[in-house]
Structure formats: structure tokens, C-alpha cells
Amino acid sequence: MASSVQHYDVVVIGNGPNGLALSYLLAGHWPYVSSGEHVNPLLNKKLKTLDAGFSLLHQDLKFLSDGLEGRSDNPVAKLFDELLQPGADLGLGCPSLVNWVYDPQRQSVSHLVIGDKMPGGSWNGLPGHIETLSPVSWLELPGYSFDEWGRAWEMRDSQDESAFRIKTETVRQYYVDYVNQTGIAGNLMNRTAVVSLRRLEKSEIQESQAAVSMERQPTVYTPIYGCYCLLQQTHHRLTPPPPAVRDNLSIPGNYRFELTMNSEPDDGIVSVQVKIRAKYVVLAVGLGHPQHLNIPGEHLQFVSHSYPHDTQLLADAQSSGDPIMVVGSGLCAADVILMSIGLGCEVFHVFRRKASDGQLIFNKLPPGGYPEYDKIRHWMHGTVTDEKYSCFECHSLQHVGQDKVCTVVNSLGVEHQLKVSNVFILIGSTTDLSFLPADLQKMAVHPSKPVSKANPADINPMTFEVRQQPGLYAIGPMVGDNFVRFGIGGALGVASHLVRKSQAET
């Protein structure tokens, strides 16, 4: 097992949409506000006071974001969304007010983006045939739109790219191609799992400072250990990333973190251990770790916590004659229900809430906009019935037997014994921070509890720096921004803070 140590100003853990957007900014692409009119009168008035000679990274983000409303709790995320897609929630389709200026010789920052999958992160784990919940424009990343992507490859699949929704496989391919077309591929280290992250001791910090002072580090990572492996796994014509440039925007601070990673080479035979030291670390990890009920029998082979990519599993269930049990009331559970019934399987649908609960995603979607999920909602409410769908509202799964008999209990304590063929427990996902030591895991609003949807990381709302952990940042689902359109706002906050640090030093 080979080992090496390299130094970067910034390391981003997570190569999903949020990590890719941050890399785009750190690679030297800076956003400038155009002279157009914004549909929001208050924001429009503020924009008219800006000095056009300064990028958005150098503007007063607090001043600009104050008073904005939207679907994110993070003001900078709402601001960036309003500038990239003005009036998006109103369906106005207004043009972006952001212009991008690329100057790698003066604006690039030494950084590395690490991900255990291909570019796109958790999008790689979604079944490709399912349509997205968000409109296509809400899934775009900075500087390269879906429309540009379609024209660049002279390709369209069977659907119109300007349509309201598209298949997840199309989005996944867009993210893979994005890193090549924007020139950030060299900053990515794909198929690499972070094993540990720790703070350096004082003597190690001094050691790193001495080592770096001897030789200035390149901005992009040497193209090994999977950096360019994506070039070999896509069927589209690709433009290679630009030649490596040297960092010209040094971010001040000591090298305070060390990461240990296992990277899988293209041959997949021997994993390579790599050590990286960084001044700042950004956690851009998504919700890719399925939640468990922690009940007896949950470990059995016929129990799954993810979408069945192999339809043979459902086909075998159909041939057995016993129903499939789906536990959960989210979109993933709905997709499995629809797929199972489509294959002729009977389904037991078990969920703890009332079907009328306003927090259920099905009750939040606009009627008619998502016909497949409207069908599930009607089944859950009992306004429409299907002989293959059985609803167990306000029930919880308590036990799974080896004989495939499951025990479910309602809110009154009444038990039901149900014979099934397979069980899918789809109750949501959490962020996997197992690579962090105990002291670094104390970053949530309620620090004694782990980070979750209900307990996000406690950050400075302008910079996204974790309050209890100086030098550590969190963006995306870790701070409650589960939609791409808002997650990339975290990239703006982080990049602005780091760039300001570099200029404060000079």
C-alpha cells in the first residue's frame, strides 16, 4: 500500500452538486452581478448600489440577503438562487443576473474535491428511470446550463431538456460532463473514501508549514487515483481539462487538518492510501446513509434499505405470491410501491404518520404536477383504491421474522402479523460522518446529538463555517439545503469567506 502526503489550502469532502459548484468558484470563476432589473423590488434597489467592478464574492452578502424569502433557511442560499434564477418560485423564467469571469492566474485557489463515487455524488445511487422532483433548471450548476450541455453534445434523449422534469440518469450524465466542460476535472479525486479526518498537533503544523515553504503546491491534483477515470466511463465526446496552473490566491492560515483516504485506481485491484493536509475543510457530504429502525430481524437478507436497482428482486417476489412490505412515507418509498405494483406485486404500505399530515411530501406537492405521486396520495387517503395496495396508516414495523412474518403495531398497540416476500425500509437518509473523531462531530445545533435533517450543523449563516469548529465548513444537506438550487448557495458563502481571507492578508 503506497502512501503520500500533499498539501492544499482547501479540501472539499463530497463531489456532489454542491462540491462541484464550490470547485467551480475556487478554480477561478467569479460571479458578477449584471445591470439587469430584478423582479424583487427590495433586492433590485440593493443591487443598484453595488460597485460593478467587484465580484459577488466581495459584496456585502448580509446586506443583500436581508429580508429575502424562500424555501431555504440560509440567507446566502436564497440570495444566490434569486440572482441565478430570479422569481423561480413564481415560474417567471427570468434570465440570470450573474455573469461569470474566469481568471485562473489571479483567482484560483489550491483545492481538492474528494468523493467516493463519480461526479454527482449521491445522484449516482438513484435509479435512472425515475423523473426528478425539481424542474430541470433547478438542478443546474454555475456556468454551464442544461441547455448549453444539450447543444454541446448535439444530443437529446427522448425527452425535451426544457421540460418540467427529466430522468435522473440525464441529470447524472450532466454532472459527469460538467466537470470536464468547465475544466475542474483535475481538481477532483473520485472513487475515494475518506477514512479519517483529524486536527494536526502543533509540531505537525510546523512540519507542514516548513514542507510547503520549500515548494509551492499546484492548484490541481496530479491526475492519478481516479481523477480522470470519468473520461473513460462516459459515452460522450469530452474536452480534456486545461493544463495545471499554480495557485495565485493563497488562503492564509496553518495546515491544521489531515485526511486519510483510500483511493481506488482504475484497475480496481489495489487500493491506494493517500494523506492530505489542508488549511480548511468543507463538508459537502449528502444524505447518502440510509436510516435504520434498529429492530429485530432488520439485518435479514430479504430486508433492504435502498431502492431495488435489480428488478429481478421484485420479479422473484411477484412469483412467490406474497406481498412486498414498504415502510416509509417519502418519495423513495412511493417509487418502490409504484414499481412493485407495476410488476404485478401486492404491496403492504406501512407508515407512522396520518395520511393527512401536512408534513408529508405528498401533501405539499401541487395537485396535477406529479401524477404518479398523486396516485400514491389518493391511495394513502383512501379516496382511490387498488386491489394490490394495502395501507397501514399510523403503524410501525416492530419485528421481522426469519420466516418472513412481520409484526406491525398501530398507534393503539394493536398488532398485525403479515407474511411477506421482501421488506423495504425506506425511512430517509442521514449524513455519514463516521470518519470524524468525536471532538469534530460536535457541530450540530444541538451538539450532543448527531447532524440530521432536524438537527443541522450550526454555522455562521454568511460564511458557512461551523461555529464550534474553526476552519471547518458545512454546506448542502448538512445545513438543511437539500435541493441543488439552494445547496450551491453554500459554495458562494464559503468561497466569499476564503477569498476575503486571502485579500485581508495582502
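**Salt bridges, a sheet and its helix in a predicted model**

Q: How many salt bridges does a search of the whole structure find?
A: The model is predicted. The search covers the whole structure. The count of salt bridges is 17.

Q: Which residue forms a salt bridge with aspartate 89, and where does that partner lie?
A: The closest N and O atoms of the pair are 3.3 Å apart. The partner of aspartate 89 is arginine 71. The pair links distant parts of the chain, 18 residues apart. Aspartate 89 sits in the loop between α4 and β3, while arginine 71 sits in the loop between α3 (61-65) and α4.

Q: Is arginine 71 buried or exposed?
A: Exposed means over 50% relative accessible area. Arginine 71 has 56% relative accessibility. Its salt-bridge partner aspartate 89, at 37%, counts as partly exposed. Arginine 71 therefore counts as exposed.

Q: Which residues are linked with Arg71 and Asp89 in a network of salt bridges?
A: Arg71 and Asp89 form a salt bridge. The network also takes in an aspartate and an arginine. They are Asp81 and Arg485.

Q: What is the N to O distance in the salt bridge of glutamate 204 and arginine 198?
A: Glutamate 204 is buried, with a relative accessible area of 17%. Arginine 198 counts as partly exposed at 30%. Their side chains meet at an N to O distance of 2.7 Å.

Q: Why does the salt bridge of arginine 277 and glutamate 204 tie together separate parts of the sequence, and how many residues apart are they?
A: The closest N and O atoms of this pair are 3.9 Å apart. Arginine 277 lies in strand β8 (residues 272-283) and glutamate 204 in helix α8 (residues 202-214), so the bridge joins a strand to a helix. Their separation in sequence is 73 residues.

Q: Is arginine 277 buried or exposed?
A: Buried means under 20% relative accessible area. Arginine 277 has 7% relative accessibility. Arginine 277 therefore counts as buried.

Q: Which strands are at the edges of the open sheet?
A: Five strands form the sheet, with parallel pairing. Their order is β10-β17-β11-β12-β13. An edge strand here pairs on one side only. The edges are β10 (303-304) and β13 (389-393).

Q: Which residue in β12 is the bridge partner of valine 326?
A: Strand β11 (residues 324-327) and strand β12 (residues 347-351) run parallel. Four bridges join them. The partner of valine 326 is histidine 349.

Q: What angle does the direction of helix α11 make with that of β13?
A: Helix α11 (residues 371-381) packs on the sheet. The helix touches β12 and β13. Its direction makes an angle with that of β13 of about 65°.

Q: What covers the buried residues of α11?
A: The buried residues of α11 are Tyr373, Asp374, Ile376, Arg377, Trp379 and Met380. Their cover includes a helix and two strands. These are α10 (331-342), β12 and β13.

Q: Which residue takes a positive phi just after α11?
A: The phi is about 80°. The residue is glycine 382.

Q: Which residues make the nonpolar surface patch of about 290 Å²?
A: Leucine 90 contributes from the loop between α4 (75-84) and β3 (98-102). At 65% relative accessibility, leucine 90 counts as exposed. The patch is made by Val39, Leu90 and Leu92.

Note on methods:
Residues numbered from 1 in each chain as written. Predicted model: local features only at pLDDT ≥ 70, side-chain atom pairs only at ≥ 80, totals over all residues. Heavy atoms only, no water. Pairing = 2+ DSSP bridges. Contact = heavy atoms within 4.5 Å. Axes fitted to C-alpha atoms, helices over the stretch in contact; angles between N-to-C directions. Patch = residues over 30% accessible without salt bridge, like charges linked within 9 Å, V, L, I, M, F, W, Y side chains within 5 Å. Areas by Shrake-Rupley, 256 points an atom, 1.4 Å probe, with all protein chains shown as cover. Salt bridge = Lys/Arg side-chain N within 4 Å of Asp/Glu carboxyl O. Buried < 20%, exposed > 50% of the residue type's maximum accessible area, 1.4 Å probe, protein only.
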